[in-house]
Amino acid sequence: MNPVSHFLIGWVTANTVELTRRDRALIVIAGVAPDLDGLGIVAEKATQHSEQPLLWWTQYHHVLCHNLGFGLLLTALALVLAKTRRAITALLALLAFHLHLLGDLVGARGPEGDQWPIPYLLPFSDKWELAWSHQWALNAWPNFAITAAMLAATFYLAAKRGYSPLEFVSQKADKKFVETLRKRFGENWPSG
């Protein structure tokens, strides 16, 4: 799944209960953080024509951060850093992390048909990898449908709750966005 979908899924997950902005951010971060292991593509592309290319993306994407150990680390961080409702924030962070893994498991096949199995039990064991033979491609329609559904849910929640994902960037822009949504769809939307 693409990073935008993971972000939106994390944001919708964070809005299943009333939480502070900080606690919502922790859950969203847990939903996108597994893709930190994809940053190795920068080094790999930069060194691809060198004598000893760094294969950090090829070797470590869907490995370093797509596993139970990393999920538990994110959960512990959410528990420690949460402002209020620590246990709920930590559990939702763990859920957002696992929704990321599920999204990649079902919808992250590469352009050449390559699958990335997920070594779920790392670093505790390398004996079990998650893979699904019917995994759809990154650019397949189900990924677009999921992103569209998450966008709709995001707009709905933003209008209902009075804040959107823009709250992480600019509270002024967030307020304007919510006002625009409410004006466009009616003052009582989504409540009436």
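Which residues make a nonpolar surface patch of about 430 Å²? In this predicted model, local features need pLDDT of at least 70 and side-chain atom pairs count only at pLDDT 80 or more, while totals for chains, interfaces and linings use all residues. Residues are numbered from 1 along each chain as its sequence is written, and side-chain values use heavy atoms, with hydrogens and water left out.

The chain holds eight helices and zero strands, in the order α-α-α-α-α-α-α-α along the sequence; helices (H or I, at least four residues) and strands (E, at least two) are DSSP runs numbered from the N terminus. The C-alpha trace spans about 60 × 35 × 35 Å along its principal axes. Of the 192 residues, 41% are buried, that is, under 20% relative accessible area, with exposed set at over 50% and partly exposed in between (1.4 Å probe, protein chains only). Among contacts (heavy atoms within 4.5 Å) with a separation of 6 or more, 66% join residues 24 or more positions apart.

Turning to the surface, the accessible area of the chain is about 10,900 Å², with 65% belonging to carbon and sulfur atoms; areas come from the Shrake-Rupley method with a 1.4 Å probe, and for residues only the protein chains shown count as cover. The patch asked about at the start is made by Leu73, Leu77, Leu79, Val80 and Leu81. Such patches take residues with over 30% relative accessible area and no salt bridge, nonpolar side chains (Val, Leu, Ile, Met, Phe, Trp, Tyr) being joined within 5 Å and like charges within 9 Å; a salt bridge puts a side-chain nitrogen of Lys or Arg within 4 Å of a carboxyl oxygen of Asp or Glu. Leu77 lies in helix α5 (residues 68-81) and is partly exposed, at a relative accessible area of 41%.
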